[in-house]
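Me: Please take a close look at a single helix in this model. I would like to know how it is built and what it packs against.

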Amino acid sequence: MMITAVKQPIICLTNPDILRRKSLIPTSQFAPFSRIICRKPNFSINESAHLSQSSDLWIQRPLRVAKVKGLGFTDGLVRKRKPLIKCEAFEADRSQPIEHESPKVPGEAARRVKIGIYFATWWALNVVFNIYNKKVLNAFPFPWLTSTLSLAMGSLIMLVSWAIRIAEPPETDFEFWKALFPVAVAHTIGHVAATVSMSKVAVSFTHIIKSGEPAFSVVVSRFLLGETFPAGVYMSLIPIIGGCALAAVTELNFDMVGFMGAMISNLAFVFRNIFSKKGMKGKSVSGMNYYACLSMLSLVILTPFAIAVEGPQMWATGWEKAVSQIGPSFIWWVVAQSVFYHLYNQVSYMSLDEISPLTFSVGNTMKRISVIVSSIIIFHTPVRPVNALGAAIAILGTFLYSQYANIASSVFLHSSLRQSNDGIRAKHWMEEVDLMKYGGQRG
């Protein structure tokens with residue numbers, strides 16, 4: 001930083017007092033010296049010799065004092081063997097001092113690569129889970145036990161990770177688990193309902209119906225929470241509802257239980273996200289540990305209901321039949337679907353810490369497309385053109401909904417914060433928009 005500029009042909013900086021009185025020593029980093037400029041057009045030889053002997057610093061070229069490091073004083077005494085004044089300077093004909101160039105850290109590029117890895121891993125794990133899950137349900141049609149095994153495997157993985165310190169265990173208390181309980185109840189219902197749906201209908205049809213979850217989110221927020229949204233949000237629901245309806249009425253292997261399971265899953269996941277946003281606010285638990293705790297509590301809730309609905313006797317009979325028909329590979333299918341269920345949800349929750357809601361919604365739309373297309377190819381699901389059109393309309397509506405919700409939230413918050421009375425309302429509306437965009441994305 002430049003503190004003074006001197007552009008005189010002959011300049012003398014004298015110090016008759018500043019080295020004798022401590023009170024005149026500046027305390028700041030920069031020393032604002034008073035310039036004493038000696039201009040005597042007609043120096044005699046004796047005067048010039050006297051001036052050269054009495055001055056401490058002669059500057060024959062223009063000089064800019066850049067920084068004063070220190071004046072060398074301690075308790076009023078001059079330190080020995082230390083320079084009196086240390087300055088950093090450069091000539092006046094240089095516009096800028098030479099700066100040290102530190103190597104640039106490619107933060108943005110590394111972040112893009114990291115997001116790309118998250119997306120690729122998320123999509124791949126989700127596709128693999130849906131394939132193995134459908135294989136298991138075709139051979140072993142017991143969705144309650146299948147759902148329980150998925151949660152049990154995830155809980156086991158995280159307990160081992162905490163035990164061997166691969167992941168740092170969270171610090172929780174009774175209030176945390178109390179706030180997590182309603183979230184776990186909704187998560188359990190949504191998980192079981194989706195599994196029941198997949199056991200009755202094609203994977204593609206379940207995901208088409210599940211793409212209509214924004215409609216449930218808006219309805220619940222509007223009529224139960226009293227929230228209002230811009231007209232564009234309501235308009236974006238038309239292609240979602242219309243596309244889902246078209247896909248449902250033209251589904252070749254339509255099953256009411258499978259359809260209702262997907263609808264109940266949508267509603268449950270909406271309440272899961274509402275409870276999560278409201279109850280878990282201020283709880284400092286990472287996404288990975290949060291989902292681990294959610295899986296463990298859901299396992300505790302689900303296990304007694306699974307035993308009551310299906311029971312060990314039915315499980316034993318079905319297991320023997322599946323192993324006799326499929327062989328030992330059936331055991332691998334069960335393990336794979338349980339492991340991949342936990343991993344894809346784990347990556348999904350971890351990705352929320354790294355990407356924006358808009359990026360997440362785009363990735364979720366692409367995830368649904370990849371699951372639908374891959375399941376149709378692998379299981380040779382018959383699809384009518386009108387059925388495919390309904391699926392495309394529903395998914396496009398979901399994408400437009402997430403886009404508009406993100407844009408509208410930014411514009412609304414920007415305009416509302418200009419008025420102090422609307423600041424709290426804008427903040428609350430932003431939280432509800434996050435609920436809509438994240439609603440059921442991890443289901």
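Reply: What follows is a description of helix α3 and its surroundings in this predicted model.

Helix α3 covers residues 143-163. It has 21 residues and reaches 30 Å from its first C-alpha to its last, close to the 30 Å expected at 1.5 Å a residue. After the helix comes Arg-165, whose phi is positive, near 65°.

The buried residues of α3 are Pro-143, Leu-145, Thr-146, Ser-147, Thr-148, Ser-150, Leu-151, Gly-154, Ser-155, Met-158, Ser-161 and Trp-162. An α-helix has 3.6 residues a turn, so residues three or four places apart point the same way. The partners of the buried residues are α2 (107-139), α4 (174-200), α9 (287-309), α10 (312-326) and α11.

The packing with α11 can be described further. Two packed helices are described by the angle between their axes and the distance between the axes. For α3 and α11 (residues 329-351), the angle is about 65° and the axes are 8 Å apart. Their crossing is right-handed. On the α3 side, the contact is made by Thr-146, Leu-149, Ser-150, Leu-151, Met-153, Gly-154, Ile-157 and Met-158. These meet Val-334, Val-335, Gln-337, Ser-338, Val-339, Tyr-341, His-342 and Gln-346 in α11. By class, this contact has 9 nonpolar and 7 polar residues, with no charged ones. Among the α3 residues in this contact, Thr-146, Ser-150, Leu-151, Gly-154 and Met-158 are also buried.

Note on methods
Residues numbered from 1 in each chain as written. Predicted model: local features only at pLDDT ≥ 70, side-chain atom pairs only at ≥ 80, totals over all residues. Heavy atoms only, no water. Axes fitted to C-alpha atoms, helices over the stretch in contact; angles between N-to-C directions. Helix = DSSP H or I, 4+ residues; strand = E, 2+ residues; numbered from the N terminus. Left-handed = near helix turned anticlockwise from the far one by under 90°. Contact = heavy atoms within 4.5 Å. Nonpolar A, V, L, I, M, F, W, Y, C, P; charged D, E, K, R; others polar. Expected span 1.5 Å × (residues − 1). Buried < 20%, exposed > 50% of the residue type's maximum accessible area, 1.4 Å probe, protein only.
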